[in-house]
Amino acid sequence: MSEIRLDGRVAVVTGAGRGLGRAHALLLGARGAAVVVNDVGGSLDGGGAEATPAEQVVEEIRAAGGTAIVDTTDVRTLDGATEIVRLATETFGRLDILVNNAGILRDRTMAKLTREDVDAVLDVHLHGTLWMTKAAWPVMVEQGYGRIVNTTSAAGIFGNFGQTNYAAAKAGIWGATKTLALEGARHGIQVNAIEPGARTRMTEDLLGDLADQLDPVLVAPLVAWLAAEECPTTGEVYNVGGGRVARVVVAQTPGLFARDLSPESLRDGWDEINDPARAEVMTSFQQELAVLVQMLSDGDRAGADAS
């Protein structure tokens, strides 16, 4: 079985000084990609900055025979993102792979949540993903090729107590991934997202005994595969952690259909609406709309037959 290689490809990995980003950068470098290791070196809540984490990762990649450079630019603005992309293209001549991984935490319950807590988390996670993609997009369009891997979270899919700001950012990344995949298809740009479970600064206090089994190195292979030219997939989200990889899907129940819909009919049919036994995976709004169109058509025929 041939090895998946990334020789000649150029990658930017944000938040690559520690945890998941570090694992991604090391594996991409080991598979032949030239890597821009981006990390401001801040604390978990986004404060402070130091170049050391990114420098250490670059040293590891180079010691293993790979190619990498340090970048400590903040991803939160379009100007910052543009500078990161400029560094990649001026140093290596192109940009093929973008891994949007940078993130911070400001966990608060709604009762204690402040505007600063919301803005800080949205700026790094959601805006950082959007601005990095915006900056990389014209380069990838001109090349007719690109691979973008975003990072969402279980909190953005299922919610998590005390993480309204973080969950909102991660849910936004889910929606952005789906949309960018549609826009990138005609340009050879594939966009996917991972929903990782790993031992990082964000999770080490939450995982307990499970932490030792959730090494970030078990997430990086999925990123490398999604970044590879051979990977055919775009617009998907994958749960990954501890050695398991699974596609995350959106499903809908058949629901209840009634032309004379009322609060009372909803009350009486609530169990039917919520029953997941016959749920169907939905991959587009067109598919969702088609279900309604069919029900409307069936309803019209039934009405005509009755008359």
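**Asn100, the nonpolar cores and strand β7**

A polar contact of 2.8 Å joins the side chain of Asn100 to that of Asn150. I begin with that pair, and I should say at once that the model we are looking at is predicted.

Where does Asn100 lie? Asn100 belongs to the loop between β4 (97-99) and α4. Is Asn100 buried or exposed? Its relative accessible area is 4%, and Asn100 is therefore buried, given that the term applies under 20%. The side chain of Asn100 also makes a polar contact with the side chain of Thr133, at 3.4 Å. If we set aside neighbours within four places in sequence, Asn100 is in contact with Thr14, Gly128, Thr129, Met132, Thr133, Ile148, Val149, Asn150 and Thr151.

One residue in that list, Ile148, takes us to the next topic. With neighbours within four places in sequence again left out, the contacts of Ile148 include Leu98, Asn100, Thr133, Trp137, Met140 and Val191. Ile148 is also a member of the largest nonpolar core, which has 37 residues. Which members of this core touch the most others? They are Val12, Leu95, Leu98, Met132, Met140, Ile148 and Val191. At least two residues of the core come from each of β1 (10-14), β2 (34-38), α3 (78-92), α4 (115-143), α6 (164-184) and β6 (189-196). Helix α4 gives the largest share, 10 residues. Another core lies apart from this one; it has 30 residues, among them Ala54, Val57, Leu222 and Ala228.

I turn now to strand β7, residues 237-241. How many of its residues are buried? The count is 5 of 5, so the strand is mostly covered, with buried meaning under 20% relative accessible area. In a regular strand, side chains alternate between the two faces of the sheet. In β7, Val237, Asn239 and Gly241 point one way, while Tyr238 and Val240 point the other way, and all are buried.

Which strands pair with β7? Strand β6 runs parallel to β7, and 4 bridges join the two; Ala193 stands opposite Val237 in β7. Strand β8, residues 244-248, pairs with β7 in the antiparallel sense over 5 bridges, and here Gly241 stands opposite Arg244 in β8. β7 and β8 form a hairpin with 2 residues between them. Gly242, in the turn, has a positive phi of about 65°.

To close, let me return to strand β6: this strand supplies at least two residues of the largest core and is joined to β7 by 4 bridges.

Methods: Residues are numbered from 1 along each chain as its sequence is written. This is a predicted model: local features need pLDDT of at least 70, side-chain atom pairs count only at pLDDT 80 or more; totals for chains, interfaces and linings use all residues. Side-chain values use heavy atoms; hydrogens and water are left out. A nonpolar core is a set of buried Ala, Val, Leu, Ile, Met, Phe, Trp, Tyr and Cys residues joined through side-chain atoms within 4.5 Å. Buried means under 20% relative accessible area, exposed over 50%, partly exposed in between (1.4 Å probe, protein chains only). Contact means heavy atoms within 4.5 Å. A polar contact is a pair of N or O atoms within 3.5 Å; within protein, one must be able to donate a hydrogen and the other to accept it, and residues adjacent in sequence count only if both atoms are side-chain atoms. Two strands pair if DSSP finds at least two bridges between them.
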